[in-house]
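Morning, everyone. Please have the sequence and the 3D view open, and follow along as I go.

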Amino acid sequence: MHRFLAPLILILLTSPLIRAQPVTIDDFHDLQAWAVIASDGVAATISPDAGPTGSPGGALRLDYDFRSGAGFCVVRRAMPIELPINYRLCFRAKGAGPANNFECKLVDPSGDNVWWVNRRAYEFPADWTKITYRARHFSFAWGPRGPIPLDKVGFLEFAIAASSGGKGSVWLDSLTFEPLPPTAPPAGEPALSGDGPFTIDLKGSREFGGLILDWDGAFAADYDIRASSAASGDDWETIRSVRGGNGGRDDVRIPDGEARRLQVLPTGPGPARLRSVRIMDPATGATASAMYETIAAESPRGRFPRYCSKEQSYWTVIGAMGDAKEGLLSADGALEVDFQGFTVEPFLIVDAPGPARLITWADTTISHSLDGGDLPIPTVTWAADGIKLEITALADGPAGESVLAARYRITNTGPATIKARLALAVRPFQVLPPWQDLRISGGTSPIRTIAYERGSVLINSAKRITPSPAPSGFGAAPFAGGDITEYLAQWRVPPAMLAEDPDALASAAMLFDLDLQPGRASSIDIEIPLHKQSSPATFDERLAHVREAWTRELGHIGLSLPASAGRLPLTFRTAQAHILINADGPAIQPGSRTYERSWIRDGSLTGSALLFTGHGEQFRAFLDWYAGYQYESGKIPCVVDTRGPDPVPEHDSTGQYLYAVDIYHRASADEAFARRHFEHVRRGVEYIKWLRALRMTDEYRAGPAEKRAMYGLVPESISHEGYSAKPMHSYWDDFFTLRGLQGAARLAQSLGETELAKEWGALRDDFEKCLDDSIAAATKLKGIDYIPGCVELGDFDAPSTAIAVYPCGRLGPEPYLTNTFERWYTFFKGRIDGTVPYKEYSPYETRLMGTFVRLGWRDRAQELLAFYLNDQRPREWNQWGEIVWRDPATPRFIGDMPHTWVASDFVSAVRSMFVYERDRDGTLVIGAGIPKAWLEGEGVKVERFPTAYGPVSFRLFRDGPETILEFSGVERHPPGGVVIDLPVTGRARVDGAQRPAGPVIIPGGPARMEIE
């Protein structure tokens, strides 16, 4: 902009004389006010270019290149504004390049608090287009202030963040800001007049999101909606056209509409009678999902997905091991066919006995199960009066060729013959609710075309559903022609075999006739290929194949427990399966939707859980793949996805990689693997040394106490999600850094790299001393007696601190560590007895079971286990999301289901109950978390559990008055021996020799232990 304009911005925007006038913030004839910022792996430059009028130097041109695939670039300028309650920010833009996220950000003067408009996968218009953002479009992005609306702006940013990546250019021009009066309610109710055209007087200029039209008998199938901004109504402009309506109620979205008068102009023959018109508010018209909420609110419950009624929805993943594509099955029985894809939803039309009726999920008692109790083949069962519907879904085939298949089995459970029809509706909804809005958004899914051809249903010319047997009826309709449930409620389908929908909200249904005698059942099967290539098979063949494959894959280790252990062994096995399903090839991922990315943080811990349950090859493949994305600096990226590595600095990442290489090598003794990764390890250690040097200057060595507490640590980062609003010196980062250095020194020693082992060991010891000194200093500064989450805040975060115990192997410094977990246990007990109110928690907390085992708190670990198993949703599907809300119906974000970093924390914690490595004294500990109750009956049987010293098997049971342990021994004897820590005390004999009471240490060979 012209530089003389800058000092005037604040004056102009706060002057009462021109408050209602738009102010030019920048005309882009001078770009000196703008700075360009790019993350690692992204090239970005700005330059002047021709504006909309073609004059040279009238626009800002941003050229970007996402060379590494992921990342972001930002153009930023100071914009000191006292922000009014209502305002309008306008600019002109155009672009060329792939779809990427386009962000417009208002940043407060501190630079810490950000509100934004984030258009995901945005396709810039090829020609100059005016873009307007109002106050209501901006939402809280991040910052320590939280979602308190900004009152002052310091900076304006436009950002391109990688969605597709690639190269592109964006042009910006004519940036203006206009204060607006606060939004006021309309001066009166809209007035409808005329008989076609129908005119709606909005009683003044008004923003709206669309119209809800109610036709009275005769209706207009085709019509235009026109808008006028003049009171006289002589500047009509068509803003929406509707074709193929079916009368009754029409919901017509017009996002960001604004007018004084509106007109509904029928364009077809015949009379039409419009009974009433309602105005959608802007929020309702902003998204199709919001519009459906209003429709569902005025429809019988069950006609739309549960989340349309603002009730929480749950689901599970359907996929083949290692495949890049997965489906989802909702807890109500809707099947999502691909990533953010449409759903197939069942309905029952019962004709007899009794009057005809439509049965939806809301009219039934719903239950859930897994095949065999633990295999990832879920079933949803509806039970209604005299009829039962079982919906079973699976994925069959190798990765890259898998097929989704579902069976709908209807059983007559009553005394009379049932005549019914199963309707399988194809609907423009995801399984994910719209509040699943992190990186992707749930809610609707586009269906532009849908047709029945050659025995199958083709959707969007890409996805095909093939039923068996063939349906007895089929019909499709665009959104304007009515939702499919309007037809099913009349016990029929639309007449058309094809629907094309400009709203991308078409729906359809297949009908299957049923005539069932009492006790008889009938099945309808469908299959949907997830890829272009797949092999044909019947549902029964697929079911048998998938059962056999998962039974084999989950049989690498054995765990048998008595009934008193509840669903623990089932969840232990299902969790492994879910981890393997969420992985895309070698890429271990915590989810299949929101978190379909690979973090080294999640991968290192999830990979460890796989390693110690017999799936080490998956862990090895992950590390081989991930190491290829290491930066030249030695930094390990925090996350990698299909775009490449993410450059965001998260300082736990390098330590996590070093730990992962070490733990895999120790358990596998794979020297070729260790040598293949050793150069990556060396570069990682050098990067950690560079990071530490940033906090070993005089500023931190001899500065004020707050600075001295940071001496020798790694710098602040946002790796800990609690500090995403503002980076902190997180002990999470430092514990993982220490564990990484421990592993690097051990790896160097095992490979004969003696000098490096000595150097890295000294680095490890110095870092550990700095870490302990920092914790002591931080606790003194904040007046606390526990280990805080970070240096700056003195915050209490025991689930984060738990990683100090595992995988980092520390039981100190004391008394701070014990105090931390004693305090958390008191909080946990308060949750149960009601003295501590809570709304939600994250089941990452399951890792605390392992912490308690290592602290010797056997009974407390069992209390945690019972609590978390009770909070699985649905319980019979053996899974958790990332967030568990106390009220299961709370309509809030829950992350992926199943969330398999949570699953891996559970698996690792449960494993520690039976066996874990105690590195501080070089021992292998057996039985430290087993309660007395599990000794009854057949007792405990552990088979082939991998450890750092080889596989472990043992049996623990009661035989009359004695407790017997039969231990198989390990291949490599631990330096400190094997510690037998059982839930019973008394005189012990090991292979006939008497031992003193308490934990018994044996060398590591096979042994029989008897306790009287």
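I'll go through a covered helix, a helix crossing, a small sheet and one residue in a strand.

One caution before we start: this is a predicted model.

Let's begin with helix 17. Find residues 847-855. How many of the residues of helix 17 are buried? The count is 9 of 9, so the helix is mostly covered, taking buried as under 20% relative accessible area. Here is the roll call: R847, L848, M849, G850, T851, F852, V853, R854 and L855. Notice that R847 and R854 are on that list of buried residues.

What covers the buried residues of helix 17? The cover includes five helices to look up: helix 13 (731-750), helix 15 (798-801), helix 16 (816-833), helix 18 (858-870) and helix 19 (900-914). Strand 42 (915-918) is part of the cover too. Now step just past the end of helix 17. There, G856 has a positive phi of about 85 degrees.

Two of those covering helices, helix 16 and helix 18, are next. Their axes come within 12 Å and cross at roughly 40 degrees. That angle makes helix 16 oblique to helix 18. The crossing is left-handed. Which residues make the contact? From helix 16, they are E822, W824, Y825, F828, K829, R831 and I832. From helix 18, they are R860, E863, L864, F867 and Y868. Sort the contact by class and you get 7 nonpolar residues, 5 charged and no polar.

A general point helps when you look at helices. An α-helix has 3.6 residues a turn, so residues three or four places apart point the same way.

Now the sheet. It is open, it has 3 strands, and the order is 37-38-39 with antiparallel pairing. Why is one side of strand 37 and of strand 39 left without a neighbour in the sheet? Strand 37 (598-599) and strand 39 (644-645) stand at the edges, and each has a single partner strand. Strand 38, residues 639-641, pairs with strand 39 over 2 bridges. Look across from V640 and you find P645 in strand 39.

Last stop: V42. This residue sits in strand 3, residues 42-49. Is V42 buried or exposed? V42 is buried, because its relative accessible area is 10%. Beyond its neighbours within four places in sequence, V42 contacts D65, F66, A70, G71, F72 and C73. Take F66: it lies 24 residues from V42 along the chain, yet their C-alpha atoms are separated by 4.6 Å.

That's my tour. Thanks.

Terms used:
Residues are numbered from 1 along each chain as its sequence is written. This is a predicted model: local features need pLDDT of at least 70, side-chain atom pairs count only at pLDDT 80 or more; totals for chains, interfaces and linings use all residues. Side-chain values use heavy atoms; hydrogens and water are left out. Buried means under 20% relative accessible area, exposed over 50%, partly exposed in between (1.4 Å probe, protein chains only). Helices (H or I, at least four residues) and strands (E, at least two) are DSSP runs, numbered from the N terminus. Contact means heavy atoms within 4.5 Å. Two strands pair if DSSP finds at least two bridges between them. Axes are lines fitted to C-alpha atoms, for helices over the stretch in contact, and angles run from 0 to 180 degrees between N-to-C directions. Angles under 35 degrees count as roughly parallel, over 145 as roughly antiparallel, 65 to 115 as roughly perpendicular and the rest as oblique. A crossing is left-handed if the near helix is turned anticlockwise from the far one by less than a right angle, and right-handed if clockwise. Ala, Val, Leu, Ile, Met, Phe, Trp, Tyr, Cys and Pro count as nonpolar, Asp, Glu, Lys and Arg as charged, and the others, Gly among them, as polar.
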